[in-house]
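Please open the model in a viewer and keep the sequence panel visible alongside it. The tour below proceeds by selection, giving at each stop what is to be found there.

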Amino acid sequence: SLVHALQAQTDLTAAALGLLRQMLASDHVKFGVDTHELVDIISSVLQMYLDDTFEDTRITEHAFGSITALCLRNPEASELAVDHGCARLVVTSMQTLMDRKSSTKTPYNGISKSLRQGCMALRNIASRSPSVRKTLQSFNAVEVIENAKDAAKISCTDVGDAAIRDVCA
């Protein structure tokens, strides 16, 4: 099962999601994949993070990055991500990353890349899909993005500002 594979092979899972993220940068690939299945897989990975199945932030970074790439110039994927709960999982996972990190009293360096990709994912979801913006706002996306900007100033200030602008447009 995905849970067992992820627990046993976090390096492999991170590499596979990294590859998926890179492949989705191609519009040809992005529009050729089964978007429903892809959103379901990313949602499952994020839910496993929330369930404390793994701690490796490379996995959340690549999961967020995959949504970022999938939703770039793709309003249908953005709407699907919101309708199927993936966007809510992005917001919740971002806040959970920060909550877990603050409870360990260690620097935010390890999660800054994930938070940056989370901000970018929320921006891309909102930018070409005005119909989902109110829903994103209802998930407290703006508050979570502001928290990310505070937690990882260098990584998130620019993309966080852009995300807030598009979520609130």
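Begin by selecting T135, which is partly exposed, with a relative accessible area of 29%; this value falls between the 20% limit for buried and the 50% limit for exposed residues. The model is a predicted one. T135 belongs to helix α9, which covers residues 133–138. Now add D83 to the selection: its C-alpha atom is separated by 9.4 Å from that of T135, although these positions lie 52 residues apart along the chain.

**The whole chain**

Next, display the entire protein as a cartoon. How many helices and how many strands does the protein have? There are 11 helices and 0 strands, so that the order of elements from the N terminus is α-α-α-α-α-α-α-α-α-α-α. The radius of gyration is 15 Å, close to the 15 Å given by the globule rule for 169 residues, and the protein is therefore as compact as a globular protein of that length. Along the principal axes, the C-alpha atoms occupy a box of roughly 35 × 35 × 25 Å.

Switch to a surface representation. The accessible surface amounts to about 8,000 Å², and carbon and sulfur atoms contribute 53% of it. Of the 169 residues, 50% count as buried. If the charged residues are coloured, 17 positive and 20 negative charges appear, with mean positions 7 Å apart. Among contacts with a separation of 6 or more, 76% are between residues 24 or more positions apart.

**The nonpolar core**

Return to the cartoon and select M94, L115, L122, I125 and L136. These are the residues with the most contacts inside the largest nonpolar core, which has 52 residues. At least two core residues come from each of α2 (10–24), α4 (35–50), α5 (57–71), α6 (75–83), α7 (86–104), α8 (109–127), α10 (141–151) and α11 (153–168). In soluble globular proteins, nonpolar side chains tend to be buried together.

Centre the view on L136. Which residues is L136 in contact with, leaving aside its neighbours within four places in sequence? The partners are V82, A87, L122, I125, A126, A141 and V167.

One of these partners, V82, leads to α6. Within α6, the buried residues include A77, S78, L80, A81 and V82. After α6 comes G85, whose phi is positive, near 85 degrees.

**A serine in α5**

Select S66 in helix α5. Is S66 buried or exposed? With a relative accessible area of 1%, S66 is buried. Show the side chains around S66: not counting residues up to four places away in sequence, S66 touches L17, L20, R21, L24 and I42.

**Two loops with positive phi**

Finally, inspect the loops on either side of α5, beginning with the one between α4 and α5, where D52 lies. D52 is not a glycine, yet its phi is positive, about 70 degrees. Most residues other than glycine have a negative phi. D52 counts as partly exposed, at 48% relative accessibility.

Move on to the loop between α5 and α6 and select R73. Here too phi is positive in a residue other than glycine, with a value near 55 degrees for R73. R73 is partly exposed, its relative accessible area being 41%.

Technical notes. Residues are numbered from 1 along each chain as its sequence is written. This is a predicted model: local features need pLDDT of at least 70, side-chain atom pairs count only at pLDDT 80 or more; totals for chains, interfaces and linings use all residues. Side-chain values use heavy atoms; hydrogens and water are left out. A nonpolar core is a set of buried Ala, Val, Leu, Ile, Met, Phe, Trp, Tyr and Cys residues joined through side-chain atoms within 4.5 Å. Buried means under 20% relative accessible area, exposed over 50%, partly exposed in between (1.4 Å probe, protein chains only). Helices (H or I, at least four residues) and strands (E, at least two) are DSSP runs, numbered from the N terminus. Contact means heavy atoms within 4.5 Å. The radius of gyration is taken over C-alpha atoms; the globule rule is 2.2 Å times the number of residues to the power 0.38. Accessible areas come from the Shrake-Rupley method with a 1.4 Å probe; for residues, only the protein chains shown count as cover. Lys and Arg count as positive and Asp and Glu as negative; His and the chain ends are not counted. The place of a charge is taken as NZ of Lys, CZ of Arg, CG of Asp or CD of Glu.
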